[in-house]
Amino acid sequence: MTRKRSAKKSRPKGFGKKDIRRFELLGGSATVAAGALVVVMFLMASAMPYTFTMQQSAAVVVASLVKLANGDRADEGLSALTVSPRLTAVAQAKADDMAARGYFAHTSPDGKDPWYWFAQEKYAFQYAGENLAVDFSDSIDVEKAWMNSPMHRKNILDPHYTEIGIATAVGEYEGHRTVFVVQVFGMPASKPQPVVAETVPNDPEVLAVAETAPAAEGETQVLGADTKVVVEESAPAAETPVIAGPLEQVISSPKNSLRTSYYVLGALILLALAYATRFEMKKHHIRHATAAGGLILLMGLLFLLANFVVFTPPTISETAAAAQARI
């Protein structure tokens, strides 16, 4: 006579009901671990802006902004801009000057307009432009702010430009420490001409214009930033930052990366809740629902804190500077 097997599954000795509950989905340990992960994600994202003083982090931010600008141009059927080491030097000099002297404008307090920095780096141009931003904390937010401004958008999508340079600098502005961003564009000139007049208007609907001296018959007039500007061969292409992939996204766009991470984690929590309850909410499932709701509430509160306190919205200049040859 065979013995009937017990319907209950055998449990390892010393492994009781409380132990199983502790390790199940949305159980005690799992909920604590998920909550810790939510907090760690928040702290990591919040710490990213403090790394912008590091050369490698700054390079990652610059590479990301270049990709975003070229992505917007591609959406409009325009060719991609090439990173110019000389334009990058132009942008860095302007960013460093704003950070060191605590101003935020196309023209410095002592009257240096955007084209002064082009002349300093001996970049003779036929077309050129400059976009500025301050209180930078996220690449995607800055690019959106520029694209939502008609004049900044016009610079990014100008079909004349062939090269781009972007740089960041950390300094004091209006009593707080912040990050300045300078984005410059250019189309190199083949034969620089003396500049006889230039204007950087306050009206955001009017382009800044530099007028060159009359060219000899048969020659093409182009814009030069200074009478001493000499066109030289391009410097070697800038090296690609070592950091790439998901880490690059986290460094350059911490706020948007945090939001995406929370979306993914929130979806996983809801899937875990569905699996634990089998889509049937019973009395003993209340603790699962409470755990899931608590985690999602925690993510929501931390993201609101990040959005309104940690990651301040970027400030862009009221107008964008642009220059072209007047022939």
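Ala-36 lies in helix H2. In this predicted model, Ala-36 has a relative accessibility of 40% and so counts as partly exposed; the bounds for that class are 20% and 50%. Ala-36 and Leu-295 are separated by 259 residues in sequence. In space, their C-alpha atoms are 9.9 Å apart. Leu-295 is one of the buried residues of helix H10.

Helix H10 covers residues 286-310. At 1.5 Å a residue, its 25 residues should span 36 Å. The C-alpha atoms at its ends are 34 Å apart, which agrees with that expectation. The buried residues of H10 are His-288, Ala-291, Ala-292, Leu-295, Met-299, Leu-302, Phe-303 and Ala-306. An α-helix has 3.6 residues a turn, so residues three or four places apart point the same way. The buried residues of H10 pack against two helices, H2 (28-47) and H9 (254-277).

The chain as a whole holds 10 helices and 8 strands. Of its 327 residues, 45% are buried. Contacts between residues at least 6 apart in sequence were also examined; 76% of them join residues at least 24 apart. The chain exposes about 18000 Å². Carbon and sulfur atoms supply 59% of that area.

In soluble globular proteins, nonpolar side chains tend to be buried together. The largest nonpolar core here has 22 residues. Within this core, Met-98, Phe-104, Phe-118, Phe-180, Val-182 and Val-184 touch the most other members. At least two residues of the core come from each of helix H4 (85-101), helix H5 (114-120), strand E2 (125-134), strand E3 (163-173) and strand E4 (176-188). H4 gives the most, with 6 residues. A second core is separate and has 20 residues. Val-61, Leu-65, Leu-81 and Val-179 are among them.

Aromatic contacts were searched over the whole structure, and 8 aromatic pairs were found. Tyr-173 and Phe-180 form an edge-to-face pair. Their ring centres are 6.0 Å apart, with 70 degrees between the planes. The angle exceeds the edge-to-face cut-off of 60 degrees. Both partners are buried: Tyr-173 has a relative accessibility of 16%, and Phe-180 has 0%. Phe-180 also appears among the core residues that touch the most other members. One aromatic cluster is formed by Trp-115, Phe-118, Tyr-123 and Phe-125. Phe-118 is likewise listed among those core residues.

Charged side chains were searched in the whole structure as well, giving 6 salt bridges. The side chains of Glu-76 and Arg-153 meet in one of them, at 3.6 Å from N to O. This pair links distant parts of the chain, 77 residues apart. Glu-76 sits in the loop between helix H3 (55-75) and strand E1 (82-83). Arg-153 belongs to helix H7 (residues 150-156). Glu-76 is partly exposed, with a relative accessible area of 47%. Arg-153 is partly exposed too, with a relative accessible area of 32%.

A salt bridge within one helix joins Asp-97 and Arg-101, at 3.6 Å from N to O. Both residues lie in helix H4. They are 4 residues apart, about one turn of the helix. Asp-97 is buried, with a relative accessible area of 14%. Arg-101 has a relative accessibility of 37% and therefore counts as partly exposed.

Lys-255 forms a salt bridge with Asp-141, with the closest N and O atoms 2.8 Å apart. Lys-255 lies in helix H9 and Asp-141 in helix H6 (residues 139-147), so the pair ties together parts that are 114 residues apart in sequence. Both residues fall under the 20% limit for burial. Lys-255 counts as buried because its relative accessibility is 10%. Asp-141 is buried as well, with a relative accessible area of 14%. Elsewhere, salt bridges that share partners join Asp-97, Arg-101, Asp-110 and Lys-112 into one network.

Key. Residues numbered from 1 in each chain as written. Predicted model: local features only at pLDDT ≥ 70, side-chain atom pairs only at ≥ 80, totals over all residues. Heavy atoms only, no water. Expected span 1.5 Å × (residues − 1). Buried < 20%, exposed > 50% of the residue type's maximum accessible area, 1.4 Å probe, protein only. Contact = heavy atoms within 4.5 Å. Core = buried A, V, L, I, M, F, W, Y, C linked by side-chain atoms within 4.5 Å. Areas by Shrake-Rupley, 256 points an atom, 1.4 Å probe, with all protein chains shown as cover. Salt bridge = Lys/Arg side-chain N within 4 Å of Asp/Glu carboxyl O. Phe/Tyr/Trp six-rings, centres within 6.5 Å; stacked < 30°, edge-to-face > 60°.
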